[in-house]
2 protein chains.
Amino acid sequence: MINLQPIGHVTGGRAEAFDDNWGAERAVIRLAGFGPEALAGLEDFSHLEVVFYFHQVRPEKIERGARRPRNNPEWPLTGVFAQRGKNRPNQLGVSRCQLIAVDGTDIHVAGLDAIDGTPVLDIKPYLAEFAPQGGPVVQPDWATELMREYY
Amino acid sequence: MINLQPIGHVTGGRAEAFDDNWGAERAVIRLAGFGPEALAGLEDFSHLEVVFYFHQVRPEKIERGARRPRNNPEWPLTGVFAQRGKNRPNQLGVSRCQLIAVDGTDIHVAGLDAIDGTPVLDIKPYLAEFAPQGGPVVQPDWATELMREYY
């Protein structure tokens with residue numbers, strides 16, 4: 001077992017999870033247990049990568065095999081690790097978002113797909129070199145369709 | 001506290017961490033406690049996003065404030081959440097890699113910057129729509145310099 005302590009929480013933004021139109025959301029990531037020095041230089045980056053915990057998932061909802069994404073009967077039976085839905089082992093979310101401003105230990109962000117109260121486990125700067133390497137990004141049609149209104 | 005159970009481990013690749021030239025590495029992510037159905041459809045994606053645990057970090061090495069990246073005196077004092085080094089709270093790594101093949105519950109990957117034996121906490125497909133939104137990626141010069149030989 002690996003024990004993690006949230007480094008802070010999402011404050012503001014959506015009160016409840018729904019699937020689409022995250023791009024317009026604004027929220028604050030508020031650190032807990034760290035000083036402003038933990039964010040020194042963060043404002044030199046345009047984008048962050050945030051690891052967070054889907055804290056509202058009920059244990060009995062967690063999928064360990066395959067299901068149809070969003071339970072859409074037109075999409076194929078897909079393994080839990082071949083989709084990004086929240087009902088997953090370890091309940092981890094990973095997203096990019098825009099950094100708007102840093103104010104003490106508050107980080108103002110845009111387009112973070114995490115709801116108010118979400119525990120945050122890590123924040124990393126996004127670097128261009130960490131984009132997918134070695135060829136173009138290929139994905140199945142269902143994934144492109146699912147993402148149409150997401151951001 | 002949040003308790004996580006590794007979903008598998010990295011097998012092969014580097015035996016020890018060093019900083020650069022990860023792009024040529026090949027390794028296997030071997031699931032533990034899941035059947036092949038948890039990976040159904042994964043091969044339709046070219047790239048994965050992997051969340052892993054920097055298991056060899058000694059607790060006393062974890063930075064909670066600011067340090068110079070790679071202790072390079074020419075680079076600025078930078079908050080731990082404004083860099084991606086492994087000596088960080090919660091010891092989480094997040095990386096993209098190329099998917100080469102899926103064989104039962106083994107996932108063959110290229111360019112994963114995690115060493116042999118690394119506990120894996122989550123695997124997600126990488127979707128083009130999850131690339132940084134809302135403007136170009138901006139980063140400071142030290143970060144670009146640090147990444148020059150990384151992949």
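Copies here are superposed by least squares on the C-alpha atoms of residues with pLDDT of at least 70 in both. That is the footing for what follows, since this is a predicted model. Any two copies of a chain are related by a rotation about an axis and a shift along it. In this case, chain A lands on chain B after a turn of 180°, with 0.0 Å of shift along the axis and an RMSD of 0.0 Å. The two copies are thus related as by a two-fold rotation axis. As for the contact between them, both copies use the same surface: 100% of the contact residues of chain A turn up again in chain B. And which residue of chain A comes closest to the rotation axis? That is Asn3(A), whose C-alpha sits 2.3 Å from it.

Next comes the fold, taking chain B as the example. Here 6 strands make a closed barrel, in the order β2-β3-β8-β7-β4-β9, with antiparallel pairing. Going from one strand to the next, the twist averages 45°. One of the pairings joins β2 (residues 8–11) to β3 (residues 26–31) in chain B, antiparallel and over 4 bridges. Within it, Gly8(B) faces Leu31(B) of β3(B).

That leaves the nonpolar interior. The largest nonpolar core has 75 residues, and the ones touching the most other members are Val50(A), Val51(A), Val50(B) and Val51(B). Take Val50(B): setting aside neighbours within four places in sequence, its contacts are Ile29(B), Ser95(B), Cys97(B), Leu112(B), Val120(B) and Ile123(B). One of these, Ile29(B), falls within residues 26–31, the stretch that forms β3 of chain B.

Methods: Residues are numbered from 1 along each chain as its sequence is written. Chains are lettered from A and ligands numbered from 1 in the order in which they are written. This is a predicted model: local features need pLDDT of at least 70, side-chain atom pairs count only at pLDDT 80 or more; totals for chains, interfaces and linings use all residues. Two residues are in contact if their C-beta atoms, placed from the backbone, lie within 7 Å. A nonpolar core is a set of buried Ala, Val, Leu, Ile, Met, Phe, Trp, Tyr and Cys residues joined through C-beta atoms within 7 Å. A residue is buried if 20 or more other C-beta atoms lie within 10 Å of its own, exposed if 12 or fewer, and partly exposed in between; C-beta atoms are placed from the backbone. Two strands pair if DSSP finds at least two bridges between them. Helices (H or I, at least four residues) and strands (E, at least two) are DSSP runs, numbered from the N terminus. Axes are lines fitted to C-alpha atoms, for helices over the stretch in contact, and angles run from 0 to 180 degrees between N-to-C directions.
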